[in-house]
Amino acid sequence: MPGGGFCKLPGGSVVVAIGLPSPAGDGATVRFLVHAANRARALTRLRNLGLRAVYLRGNAEPPTPDEITAVLHHPDGLLWRSTPVMDQELWHPVRALPRPAA
């Protein structure tokens with residue numbers, strides 16, 4: 001089961017952080033950050049990317065303050081990076097997400 005969590009912001013929106021298997025199918029894990037109006041919409045944004053089995057149960061790994069800042073300052077409100085973090089890897093926009101080889 002993927003680890004993840006959420007943080008409700010003072011304005012009513014939420015930031016969801018969730019670790020999922022890489023869509024590239026290379027066995028790696030990717031941590032996604034999503035800023036949305038509510039948790040359901042955040043998970044729907046991930047499902048619309050082709051990550052069909054995305055569920056958030058519990059709040060075991062909520063986003064850190066640095067992660068919240070990163071996603072709030074990004075125009076898309078949807079970021080990812082591999083986990084564990086490799087030598088200060090920066091957050092990537094969702095457009096840079098590796099896709100499986102066809």
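The questions and answers below go through a predicted model and set its values against the terms used for them.

Q: Why is histidine 92 called partly exposed?
A: The relative accessibility of histidine 92 is 25%, and the term covers values between the limit for buried, under 20%, and the limit for exposed, over 50%, so histidine 92 counts as partly exposed.

Q: What makes the approach of the side chain of histidine 92 to the backbone oxygen of leucine 90 a polar contact?
A: The side chain of histidine 92 reaches that oxygen of leucine 90 at 3.4 Å, and a polar contact asks for N or O atoms within 3.5 Å, so the pair meets the distance limit.

Q: Which residues does histidine 92 touch, not counting residues up to four places away in sequence?
A: Histidine 92, whose place is in strand E5, touches Leu78, Leu79, Trp80 and Arg81; with tryptophan 80 the separation is 12 residues in sequence and 5.4 Å in space, C-alpha to C-alpha.

Q: How do you know that E2 and E3 pair?
A: Pairing needs at least two bridges between two strands, and 8 bridges join E2 to E3, which run antiparallel; among the partners, valine 15 is matched with histidine 35 in E3, and glycine 19 with arginine 31 in E3.

Q: How do you know that E3 and E4 pair?
A: Here 6 bridges are found, in the antiparallel sense, where at least two are needed, and phenylalanine 32 has tryptophan 80 in E4 as its bridge partner.

Q: Why are strands E1 and E5 said to stand at the edges?
A: The open sheet has 5 strands in the order E1-E2-E3-E4-E5, and E1 (4-8) and E5 (92-93) each have a single partner strand, so one side of each is left without a neighbour in the sheet.

Q: What makes E3 largely enclosed by the rest of the structure?
A: Of the 8 residues of E3, 6 are buried, so the strand is described in that way, with buried meaning under 20% relative accessible area.

Q: Which residues have the most contacts inside the largest nonpolar core?
A: This core has 18 residues, and those with the most contacts inside it are Val16, Ile18, Leu20, Phe32, Leu46, Leu51 and Val54; strand E2 (14-21), strand E3 (29-36), helix H1 (39-47) and strand E4 (78-83) each supply at least two residues of it. Leucine 51 touches Leu20, Pro23, Phe32 and Leu46, not counting residues up to four places away in sequence.

Notes. Residues are numbered from 1 along each chain as its sequence is written. This is a predicted model: local features need pLDDT of at least 70, side-chain atom pairs count only at pLDDT 80 or more; totals for chains, interfaces and linings use all residues. Side-chain values use heavy atoms; hydrogens and water are left out. A nonpolar core is a set of buried Ala, Val, Leu, Ile, Met, Phe, Trp, Tyr and Cys residues joined through side-chain atoms within 4.5 Å. Buried means under 20% relative accessible area, exposed over 50%, partly exposed in between (1.4 Å probe, protein chains only). Helices (H or I, at least four residues) and strands (E, at least two) are DSSP runs, numbered from the N terminus. Contact means heavy atoms within 4.5 Å. A polar contact is a pair of N or O atoms within 3.5 Å; within protein, one must be able to donate a hydrogen and the other to accept it, and residues adjacent in sequence count only if both atoms are side-chain atoms.
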